[in-house]
Amino acid sequence: MPARFPAVGVSDLPADAPMLDVRELDEWTAGHAPHARHLPMSELAGRMGEVPTDDPLYVVCRSGGRSARVVAYLAQQGFPAVNVEGGMQDWAAQGRTVVTDDGSAPRIA
């Protein structure tokens with residue numbers, strides 16, 4: 001049986017939750033949560049020193065699949081990571097704020 005790691009749906013996510021967005025740069029650029037930090041899953045292993053130390057650290061991707069894998073990896077490294085189920089798709093669908101760094105119209109890519 002696969003290991004289960006902590007997870008939370010967007011509707012149960014605290015408004016000020018510290019978030020780590022693990023999507024790729026083009027996805028992040030298209031639109032992201034206003035207070036999220038960006039660290040692509042593809043670069044995670046080489047940039048472990050940049051992983052926020054928030055407890056808990058909510059990890060988000062587009063739909064929840066990649067973030068679940070990142071949560072499993074971070075948990076093995078001792079980080080108190082929690083997967084955001086439904087990801088940024090659910091975030092936007094629930095009317096939560098999505099922003100871009102350049103002021104363009106945000107979207108979930």
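Me: Which residues does Leu20 touch, not counting residues up to four places away in sequence?

Reply: In this predicted model, Leu20 touches Arg37, His38, Leu39, Pro52, Leu57, Tyr58, Val59, Val60 and Leu74. Leu20 itself lies in strand 2. One of its partners, Pro52, is 32 residues away in sequence, yet the two C-alpha atoms are 7.6 Å apart in space.

Me: What makes Leu20 buried rather than exposed?

Reply: The relative accessible area of Leu20 is 1%. A residue is called buried when this value is under 20%. Because 1% falls under that cut-off, Leu20 is buried.

Me: Why is Thr97 called partly exposed?

Reply: The relative accessible area of Thr97 is 48%. The name exposed requires a value over 50%, and buried requires one under 20%. Since 48% lies in between, Thr97 is partly exposed. Thr97 is found in the segment after helix 3 (87-93). Leaving aside neighbours within four places in sequence, Thr97 is in contact with His32, Ala33, Pro34 and Trp91. Ala75, by contrast, is 22 residues from Thr97 in sequence and 28 Å from it in space, C-alpha to C-alpha.

Me: How do you know that strand 2 and strand 4 pair, and in which sense do they run?

Reply: Pairing requires at least two bridges between the strands. Strand 2 and strand 4 have three bridges, so they meet the requirement, and the sense is parallel. Within this pair, Met19 stands opposite Tyr58 in strand 4.

Me: Which residues of strand 5 are bridge partners of residues in strand 4?

Reply: Leu57 has Ala81 as its bridge partner, Tyr58 has Val82, and Val59 has Asn83. Strand 4 and strand 5 run parallel and are joined by three bridges. Asn83 is also the bridge partner of Ala7. Strand 1 and strand 5 pair over three bridges as well, again in the parallel sense.

Me: What is the order of the strands in the sheet, and what makes a strand an edge strand?

Reply: The sheet is open and has five strands in the order 1-5-4-2-3, with parallel pairing. The edge strands, strand 1 (7-9) and strand 3 (37-38), each pair on one side only. Helix 2 packs on this sheet and touches strand 2, strand 4 and strand 5. The direction of helix 2 makes about 170° with that of strand 5.

Me: Which way do the residues of strand 4 point?

Reply: Leu57 and Val59 point one way from strand 4, while Tyr58 and Val60 point the other way. In a regular strand the side chains alternate between the two faces of the sheet. All four of these residues of strand 4 are buried.

Me: Why is strand 5 described as largely enclosed?

Reply: Four of the five residues of strand 5 are buried, so the rest of the structure largely encloses this strand.

Me: How do you know that the length of helix 2 agrees with what is expected of a helix?

Reply: Helix 2 holds twelve residues, 65-76, and at 1.5 Å a residue it should span 16 Å. Its end C-alpha atoms are 17 Å apart, which agrees with the expected value. Just after helix 2, Gly78 takes a positive phi of about 95°.

Me: Which residues of helix 2 are buried, and what covers them?

Reply: The buried residues are Ser67, Val70, Val71, Ala72 and Leu74. Their cover includes strand 2 (19-21), strand 4 (57-60) and strand 5 (81-85).

Me: Where is the cis peptide bond that involves Pro56?

Reply: The cis bond joins Asp55 and Pro56, with omega about 0°. Pro56 lies in the loop between strand 3 and strand 4.

Me: In what order do the helices and strands follow one another along the chain?

Reply: From the N terminus on, the elements run β-β-α-β-β-α-β-α. The chain thus has three helices and five strands.

Me: Why is the chain called as compact as a globular protein of that length?

Reply: The radius of gyration of the chain is 13 Å, and the globule rule gives 13 Å for 109 residues. The two values are close, so the chain is as compact as a globular protein of that length. Buried residues make up 39% of the 109 residues.

Definitions and conventions
Residues numbered from 1 in each chain as written. Predicted model: local features only at pLDDT ≥ 70, side-chain atom pairs only at ≥ 80, totals over all residues. Heavy atoms only, no water. Helix = DSSP H or I, 4+ residues; strand = E, 2+ residues; numbered from the N terminus. Expected span 1.5 Å × (residues − 1). Buried < 20%, exposed > 50% of the residue type's maximum accessible area, 1.4 Å probe, protein only. Contact = heavy atoms within 4.5 Å. Axes fitted to C-alpha atoms, helices over the stretch in contact; angles between N-to-C directions. Rg over C-alpha atoms; globule rule 2.2 N^0.38 Å.
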